[in-house]
Amino acid sequence: ADRPCGLHQLEQNVPPDYRRLHVRLNINMIDRIKKYGDDLLFWLYYNNIGTTIQLLAIQELQNRGWMYYIPEKIWITKALGKEAPKGPYGVYCWFDVANWKKSEREMSLEPDKIEFCEQSSHISDSDIY
């Protein structure tokens, strides 16, 4: 390969403690994640697949009004400064992963295709370490 592999490209079985070493340095992650910007929450979501960190990022995004729209595999929310959508059609803000930015567009949503993560009050700091 011409360049180093990313974590998602590793074929070796890497111990979970090695992948989450940076998390050990964070004291009280549950409280701290509430202070993070949306861009960092999306980074945590996309780079910590299948971990408690990803669940915490999902919960905080949902607390801020973001919803995961299954058909297009995107995160969406109501567009700021726009009239609230009446019914499933309206202007929504969506997170564009390819360009790593928020964009707006008119969309018609299917409400039953919005995925919500059940809020887990049982996640504690010990689950993160």
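Okay, let's start at the hairpin: β1 and β2 form one with four residues between them, and Lys73, in that turn, has a positive phi of about 55°. Just so everyone knows, this is a predicted model. The two strands of the hairpin, β1 at residues 67–69 and β2, run antiparallel, paired over three bridges. Across that pairing, Tyr68 stands opposite Trp75 of β2.

On its other partner, β2 pairs with β3, again in the antiparallel sense and over three bridges. There you'll find Lys78 opposite Tyr92 of β3.

So how enclosed is β2? Strand β2 covers residues 74–78, and four of its five residues are buried, so the rest of the structure largely encloses it. Take Trp75: it counts as buried because its relative accessible area is 1%. Its ring and that of Tyr68 have centres 5.5 Å apart with planes at 70°, so we call that pair edge-to-face. Tyr68 is buried as well, at 14%.

Now, the aromatics. The structure holds nine aromatic pairs. One of them is Tyr45 with Trp75, edge-to-face, 5.3 Å centre to centre and 90° between the planes. Tyr45 sits in helix α4, residues 38–47, and Trp75 in β2, so this pair ties together parts 30 residues apart in sequence. Tyr45 is buried too, with 12% relative accessibility.

Zooming out, there's one aromatic cluster, and its members include Tyr45, Tyr68, Trp75 and Trp100. Trp100 is in the loop between β3 and β4, and at 34% relative accessibility it counts as partly exposed. Trp100 also joins Leu40, Trp43 and Val97 in a nonpolar surface patch of about 340 Å².

Last one: Arg105 lies over the face of Trp94, 5.1 Å from the ring centre.

Methods: Residues numbered from 1 in each chain as written. Predicted model: local features only at pLDDT ≥ 70, side-chain atom pairs only at ≥ 80, totals over all residues. Heavy atoms only, no water. Patch = residues over 30% accessible without salt bridge, like charges linked within 9 Å, V, L, I, M, F, W, Y side chains within 5 Å. Areas by Shrake-Rupley, 256 points an atom, 1.4 Å probe, with all protein chains shown as cover. Salt bridge = Lys/Arg side-chain N within 4 Å of Asp/Glu carboxyl O. Buried < 20%, exposed > 50% of the residue type's maximum accessible area, 1.4 Å probe, protein only. Pairing = 2+ DSSP bridges. Phe/Tyr/Trp six-rings, centres within 6.5 Å; stacked < 30°, edge-to-face > 60°. Lys NZ or Arg CZ within 6 Å of the ring centre and 35° of its normal.
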